[in-house]
Amino acid sequence: MSRNPLHGFRVERTQIGFIGHDLQRPECILAEPDGTLWVADARGGVVRIAPDGSQQIITPLTQEKALDASFEARYVEAKGSLPNGLCFAENGDFIIANWGTNALERMTRAGHLRTLYTEIEGRPLGKVNFPLRDSKGRIWFRAC
């Protein structure tokens, strides 16, 4: 039997802090080995938080001009985009459960967006969340 690598793992309260600022409805957080974090954001995209704390929002290229507007204007101009759950695609792109568009989408780190699914077997997806990709490349998600 292999040893559990988490056996004896502890975190001191003093090591816990906050990271990120000015995020809007940060829902799902992905972490990379180098410490980079990716966060779903209500401005219609994904925020990259670098290990040094600097941030950059990546939005679908069609939504770039919506970033400087009010929340309401961004939401309307972004055609209702509201990224919720995220997971990494096999190449590091993002699989996004989008509550605003009721779609499962794929977005590159450069902002190129492609809709993967809006329905299955003729039935609308509706709200989905918690996408994940398994070792065989299949995408799983939870219907809400």
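Mentor: Strands, the elements on which the hairpin description rests, are DSSP runs of E with at least two residues, numbered from the N terminus. This is a predicted model, in which local features need pLDDT of at least 70 and side-chain atom pairs count only at pLDDT 80 or more, while totals for chains, interfaces and linings use all residues. Residues are numbered from 1 along each chain as its sequence is written.

Trainee: How do you know that strand 3 and strand 4 pair?

Mentor: Two strands pair if DSSP finds at least two bridges between them; strand 3 (residues 45–49) and strand 4 (residues 55–58) are joined by four bridges in the antiparallel sense, so the criterion of at least two is met. Val47 stands opposite Ile57 in strand 4, and in the hairpin of these strands, with five residues between them, Gly53 takes a positive phi near 95°.

Trainee: What makes strand 6 and strand 7 a pair?

Mentor: Strand 6 (residues 94–98) and strand 7 (residues 103–107) run antiparallel and are joined by five bridges, with Met107 in strand 7 as the bridge partner of Phe94.

Trainee: Why do strand 5 and strand 8 stand at the edges?

Mentor: The open sheet of four strands has the order 5-6-7-8 with antiparallel pairing; strand 5 (83–88) and strand 8 (113–117) each have a single partner strand, so one side of each is left without a neighbour in the sheet.

Trainee: Why is Phe9 called exposed?

Mentor: Exposed means over 50% relative accessible area, buried under 20% and partly exposed in between, with a 1.4 Å probe and protein chains only; Phe9, at 58% relative accessibility, therefore counts as exposed. Phe9 is found in the segment before strand 1 (29–31).

Technical notes: Side-chain values use heavy atoms; hydrogens and water are left out.
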